[in-house]
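Let's practise reading a protein model together. Keep the structure open beside you, and try each task before you look at the solution.

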Amino acid sequence: EINPFKRIWCLFEISRLKHLERPFELICSEGSLSQPETGQNRAASTEMLQATCEALWSVSAAKAESSVASDKYQIWAEVANADIKGT
């Protein structure tokens, strides 16, 4: 089962990459998902990419988990404020 970005901290890290204009790349046991053709097992890499893309459709900051509830609220506020400010 693939659960990308299930934790709120993962979403925060993606938000920071966007803010810092840094690249993001998903890596799995098969290698880079941005270049599945370079993996050792191209079919497995392509299958993993497809499954990950499907799982990404259900990613939600509202449903993301955190071990400390206050972290979740603080991250929501930080990400929302950054988007409003355009930073």
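Four short exercises with worked solutions follow.

This is a predicted model, in which local features need pLDDT of at least 70 and side-chain atom pairs count only at pLDDT 80 or more, while totals for chains, interfaces and linings use all residues. Residues are numbered from 1 along each chain as its sequence is written, and side-chain values use heavy atoms, with hydrogens and water left out.

**Exercise 1. Check the length of helix H1 and find its buried side.**

Step 1: Helices are DSSP runs (H or I, at least four residues), numbered from the N terminus. The expected span is 1.5 Å times one less than the number of residues.

Step 2: For the 12 residues of H1 (residues 8-19) this gives 16 Å, and the end C-alpha atoms are 17 Å apart, which agrees.

Step 3: Now look for buried residues (under 20% relative accessible area; exposed is over 50%, partly exposed in between; 1.4 Å probe, protein chains only). In H1 they are Ile 8, Leu 11, Phe 12 and Ser 15. They cover an arc of only 105° around the axis, so they sit on the same side of H1; the arc is taken from the directions from the helix axis to the C-beta atoms.

**Exercise 2. Which residues make up the largest nonpolar core?**

Step 1: Such a core is a set of buried Ala, Val, Leu, Ile, Met, Phe, Trp, Tyr and Cys residues joined through side-chain atoms within 4.5 Å.

Step 2: The largest one has 6 residues: Phe 5, Ile 8, Leu 11, Phe 12, Ala 64 and Ile 75. H1 gives the most to this core, with 3 residues.

**Exercise 3. Describe the surroundings of Thr 52.**

Step 1: Find Thr 52 in helix H2 (residues 42-56). Its relative accessible area is 5%, so Thr 52 is buried.

Step 2: List its contacts (heavy atoms within 4.5 Å). Leaving out residues up to four places away in sequence, Thr 52 touches Ile 2, Pro 4, Leu 26 and Leu 33.

**Exercise 4. How many aromatic pairs are there?**

Step 1: Rings of Phe, Tyr and Trp (its six-membered ring) pair if their centres lie within 6.5 Å; planes under 30 degrees apart are stacked, over 60 edge-to-face, and the rest tilted.

Step 2: This rule gives 3 aromatic pairs. For Trp 9 and Phe 12, the ring centres are 5.6 Å apart and the planes stand at 85°, so this pair is edge-to-face.

Step 3: Compare accessibility: Trp 9 is partly exposed at 41%, whereas Phe 12 is buried at 19%.

Technical notes. Helices (H or I, at least four residues) and strands (E, at least two) are DSSP runs, numbered from the N terminus.
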